[in-house]
Amino acid sequence: MGVITYEHEITSSIPPKKIFKAFVLDADNLIPKILPQAIKSVQILEGDGGVGTLKLVTFGEGSQYKSVTHRVDEIDETNCTYKYSVVEGDALAGVLDSISYVVKIEAGPDEGSVCKTTSVYYTKGEDHHITEDKIKEGKEKTKALFKAIEAHLHANHDLYN
């Protein structure tokens, strides 16, 4: 088994607690509403939304993938930290055992925030075909999703207060 790790940061003008509520705590409801082309739906398969919950994430029409199953590994609202893993789905492409993510939203400049994400890909072997281009593509999609949520919060500033 191989391990590939990368880190990514996105800055936001939205305060940490507010963006955490939208981007993490209410993402299952919010993202399909504002970006149905990215995520069509999120369905809880097992659990109550907390640690150990399994969620089926179905991607939108334009996605190269159909769906994945997320497992919630940790939710820390006080420190704005969320850990989850992709444990099933076509995004694993037969070459990955799983992908683990740590999302940490911290205070940033001008009362905004910085979203720091660490992604760890656990490959089934060394012949995994995970290229820098694929990683860059994933980073860009995450940034677009994050920025769409940020724009939604600016347009609806009374949400998640």
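Select K55 first. In this predicted model, K55 is buried, at 7% relative accessible area. Buried here means under 20%, so K55 falls in that class. Now show its side chain and add D28. The two form a salt bridge, with 2.7 Å between the closest N and O atoms. Colour the elements they sit in: K55 belongs to strand 3 (residues 54-59), D28 to helix 2 (residues 27-34). The partners are 27 residues apart, and the pair links distant parts of the chain. D28 is partly exposed, with a relative accessible area of 25%.

**Next stop: strands 6 and 7**

Select residues 96-107, strand 6, and residues 113-123, strand 7. Display the side chains of E106 and K116. They meet in a salt bridge, 3.0 Å from N to O. E106 lies in strand 6 and K116 in strand 7, ten residues apart; this pair too links distant parts of the chain. Buried or partly exposed: which is E106? E106 is partly exposed, at 28% relative accessible area. K116 counts as partly exposed as well, at 32%.

**Then helix 3**

Move to residues 132-155, which make up helix 3. Pick K147 and E150. Their side chains form a salt bridge, 3.2 Å from N to O. Both residues lie in this helix, three residues apart, about one turn. Compare how they are covered. E150 is buried, with a relative accessible area of 9%, whereas K147 is partly exposed at 28%. The three pairs visited so far are among the structure's six salt bridges.

**Zoom out**

Switch to a cartoon of the whole protein. How many helices and strands does the protein have? There are three helices and seven strands. Trace them from the N terminus: the order is β-α-α-β-β-β-β-β-β-α. The radius of gyration is 15 Å, close to the 15 Å from the globule rule for 161 residues, so the protein is as compact as a globular protein of that length. Turn the C-alpha trace along its principal axes: it spans about 45 × 30 × 30 Å.

Colour by burial next. Buried residues make up 39% of the 161. Then look at contacts with a separation of 6 or more: residues 24 or more positions apart account for 51% of them.

**Last stop: surface and charge**

Turn on the surface. About 8900 Å² is exposed, and carbon and sulfur atoms supply 50% of it. Finally, mark the charged side chains. There are 18 positive and 25 negative charges, and the mean positions of the two sets are 3 Å apart.

Conventions
Residues numbered from 1 in each chain as written. Predicted model: local features only at pLDDT ≥ 70, side-chain atom pairs only at ≥ 80, totals over all residues. Heavy atoms only, no water. Salt bridge = Lys/Arg side-chain N within 4 Å of Asp/Glu carboxyl O. Helix = DSSP H or I, 4+ residues; strand = E, 2+ residues; numbered from the N terminus. Buried < 20%, exposed > 50% of the residue type's maximum accessible area, 1.4 Å probe, protein only. Rg over C-alpha atoms; globule rule 2.2 N^0.38 Å. Contact = heavy atoms within 4.5 Å. Areas by Shrake-Rupley, 256 points an atom, 1.4 Å probe, with all protein chains shown as cover. Lys, Arg positive; Asp, Glu negative; His and termini not counted. Charge placed at Lys NZ, Arg CZ, Asp CG, Glu CD.
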